[in-house]
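Q: I'd like a close look at one part of this model, with its strands and the loops around them. Could you walk me through it?

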Amino acid sequence: MSSDGDANVSPAAADADGASAEADPVLAVDDLRKRYDDTVALDGVDLAVADGEFVAVVGPSGCGKSTLLRVLSGLEAEFGGRVAVDGTDVRDGGSDAVGMVFQEPRLLDWADLRENVAVGLPADVDPDAPAARELVGDLIETVGLDGFADSHPDELSGGMAQRVALARGLAYDPSVLLLDEPFSALDRLTKADQQDHLLDVWEARGTTVVLVTHDVEEAVYLADRVVVLGGQPGTVEAVVDVDVDRPRERAAPDLVALRREVTAALGR
């Protein structure tokens with residue numbers, strides 16, 4: 001944590017309650033504890049994410065970031081504490097309201113772009129129904145790939161493939177969209193373009209987003225708040241409020257200062 005006591009960095013005790021002043025946060029994590037046999041991955045994690053908020057989670061390898069995402073997405077049913085989406089525990093169906101975009105696009109090679117996006121539709125929706133086709137078409141346009149609906153993955157660049165994955169994650173119309181380092185495999189210029197495109201989509205749709213990343217610059221540039229995980233087991237070490245107007249300049253002094261605060265909270 002920053003040694004100068006800057007108000008932008010909250011102590012772990014107050015941690016993610018920056019958004020929990022909201023009576024009913026879309027995502028609520030209370031005293032989350034996750035153990036694998038004798039190994040405790042997460043211990044006492046609290047997080048509250050408000051409707052439409054963009055929160056980034058950063059931390060060193062081994063601090064439990066991936067475990068946190070697995071719990072939020074419903075892939076880990078055994079844990080202590082409570083994790084709820086729209087007031088429903090993820091163990092009781094709350095995870096049905098969560099969408100996921102992975103580090104790799106994981107597209108179906110044999111399917112065209114439209115079919116790959118349609119994979120994200122709810123199971124009870126016929127992808128060939130007119131309304132579903134219209135929704136998929138709208139999503140393709142939203143992520144800036146209008147005109148590529150008939151293209152296959154091998155015809156797309158890395159950035160375009162990641163946009164398809166984003167559209168697929170939005171197809172379910174999730175209450176919370178989880179992003180697991182979606183741009184880490186991209187070159188620096190493509191990564192910056194995709195970050196800006198993600199912000200455009202987020203601002204247009206108002207989707208609640210939780211991004212996990214190792215990239216401090218990315219976290220501060222994109223998020224409303226940056227949650228810093230650390231330790232083994234992982235705990236919330238600090239929360240940095242990014243109170244900087246959008247659109248943001250990456251090299252703006254305020255953002256540079258906030259990057260230093262996040263880096264200090266990481267103990268670097």
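Which residues does UniProt list for "domain: ABC transporter"? Please take strand 9 as the centre of the tour.

A: Happy to. The model is a predicted one, and the UniProt record, an unreviewed entry, lists residues 27-256 for "domain: ABC transporter". Within that span, 30% is helix and 27% is strand, and the C-alpha atoms at its two ends are 29 Å apart.

Let's settle on strand 9, which covers residues 208-212. Five of its five residues are buried, so the rest of the structure largely encloses this strand. In a regular strand, side chains alternate between the two faces of the sheet. For strand 9, one side carries Thr208, Val210 and Val212, the other carries Val209 and Leu211, and all of these are buried, leaving both faces covered.

Now for the neighbours. Strand 4 (residues 54-58) pairs with strand 9 in the parallel sense, over four bridges. In this pairing, Val57 sits opposite Val212. Strand 8 (residues 176-180) also runs parallel to strand 9, and five bridges join the two. Here the residue facing Leu211 is Leu179. To get from strand 8 to strand 9, the chain passes through helix 6 (residues 188-205), making a right-handed β-α-β crossover.

The start of that route is worth a pause. Glu181 belongs to the loop between strand 8 and helix 6. Its phi is positive, near 45°, although Glu181 is a residue other than glycine. With a relative accessible area of 14%, Glu181 counts as buried, because the cut-off for that is under 20%.

Asp37 makes a nice counterpart. This residue, again not a glycine, has a positive phi of about 55°, and its place is the loop between strand 2 (27-36) and strand 3 (39-49). Asp37 is exposed, however, because its relative accessibility of 70% lies over the 50% cut-off.

Two loops further along the chain are also worth a look for their peptide bonds. Between strand 10 (225-230) and strand 11 (235-241) there is a loop that holds Pro233; the bond joining Gln232 to Pro233 is cis, with omega about 10°. Pro247 lies in the loop between strand 11 and helix 8 (253-265). The bond leading into Pro247 from Arg246 is cis as well, its omega near -5°.

To come back to the centre: strand 9 has strand 4 as a parallel partner and strand 8 as another, with both of its faces covered.

How values were computed: Residues numbered from 1 in each chain as written. Predicted model: local features only at pLDDT ≥ 70, side-chain atom pairs only at ≥ 80, totals over all residues. Heavy atoms only, no water. UniProt positions renumbered as here; feature names shortened; annotations may be inferred. Buried < 20%, exposed > 50% of the residue type's maximum accessible area, 1.4 Å probe, protein only. Pairing = 2+ DSSP bridges. Right-handed = clockwise from strand over helix to strand, strands pointing away.
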